[in-house]
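User: I am new to reading structures and would like a close look at a single part. Please take me carefully through the aromatic rings, starting with whatever I need to know about the chain around them.

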Amino acid sequence: MTEQAIDYPTDQLNRYTFEGHDVRGELVQLTSSYQSLIRGHQYPPAVQQALGEMMAAVSLLTATLKFEGHIAVQLQGDGPLNFIAVNGNHQQQLRGIARVRGEITDTDIRSMVGKGQLVITLDPEQGERYQGVTSADADSIAQMLENYFIQSEQLATKLWLHADGEHAAGMFLQRMPASGKDMVGFEHLTTLTDTITEQELYTLPAEQLLHRLYHEETVHIYPPQAVTFVCGCSRERTLEALASVPVEQIKEILEADGEIVMTCDYCLTEYRFAEADFS
């Protein structure tokens, strides 16, 4: 008997609320966008997992924005995985990168990052830029973000993040400010969501997954939003970046190599420039 291929859900984010509970939820499932983000980088499996979890997290956080603009989540520390960042915008266009500077022997996030911090930057198209910082002293990226919400917004928040090098997914529950101090509904829904498995998150369509978790609740699901990997680099932007390099240095490189080759850190696209491009 041949094994039946799994039809994985399309990359998308679903928002939902619960009748009778002042709690909002989100579900994101990623495959092609996640694979595009890590393709060609030769990241160790543990780093691929961390990037997938971060990508799912940024998608979930982007969905909470009340403005048009960008969000960046950076995790930096003194461990072998000293930098990992994912950027997103209100259109759910994401890109990300990791930098590994040493051998990774322990694959838990605390050992890989070491002593460090999680930085969240909100950059609205109109309005002031905001940056929040929390310690990376936690056992998971989800826990770091939960700590951030408690510290910065005093809102009870729970995240579930998973990635395996091929698929990434996440869920998000947050108590709405209007709920006051009543935690009963939030804790009840958290207990239900804790029963989800990693495989179910990767494979089940959103409506089926939410029904399995919350079949005794009335759930209002809003139209889904597509999630994509978009680097944003271009030949024109790369040439603009080279404008900041001293002219003499440009001439020296051209004389030595005959061209200047620039590689995008995010998508690894190569851009080649000859002397005529600078005239």
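Analyst: Accessible areas come from the Shrake-Rupley method with a 1.4 Å probe, and for residues only the protein chains shown count as cover. By this method the chain exposes about 14600 Å², of which carbon and sulfur atoms supply 47%. The model is predicted, so to speak of local features a pLDDT of at least 70 is needed, and side-chain atom pairs count only at pLDDT 80 or more, while totals for chains, interfaces and linings use all residues. Residues are numbered from 1 along each chain as its sequence is written, and side-chain values use heavy atoms, with hydrogens and water left out.

The chain has nine helices and 14 strands (DSSP runs numbered from the N terminus: H or I of at least four residues for helices, E of at least two for strands). Of its 279 residues, 47% are buried (under 20% relative accessible area, with over 50% called exposed and values in between partly exposed, using a 1.4 Å probe and protein chains only).

Turning to the rings, the structure holds six aromatic pairs (rings of Phe, Tyr and Trp, the last by its six-membered ring, with centres within 6.5 Å). One of them joins Phe18 and Tyr214, whose centres are 4.9 Å apart and whose planes meet at 85 degrees, which makes the pair edge-to-face (planes over 60 degrees apart, whereas under 30 is stacked and the rest are tilted). This pair links distant parts of the chain, since Phe18 belongs to strand β1 (residues 12-18) and Tyr214 to helix α7 (residues 206-214), 196 residues apart. Phe18 counts as buried because its relative accessibility is 4%, and Tyr214 counts as buried because its value is 1%. Ring pairs also bring in Tyr16, so that Tyr16, Phe18 and Tyr214 are linked into a cluster.

Some rings have a charge over them instead (NZ of Lys or CZ of Arg within 6 Å of the ring centre and within 35 degrees of the ring normal). The charged end of Arg95 sits over the ring of Tyr266, at 3.8 Å from its centre, and the charged end of Lys158 sits over the ring of Trp160, at 5.9 Å from its centre.
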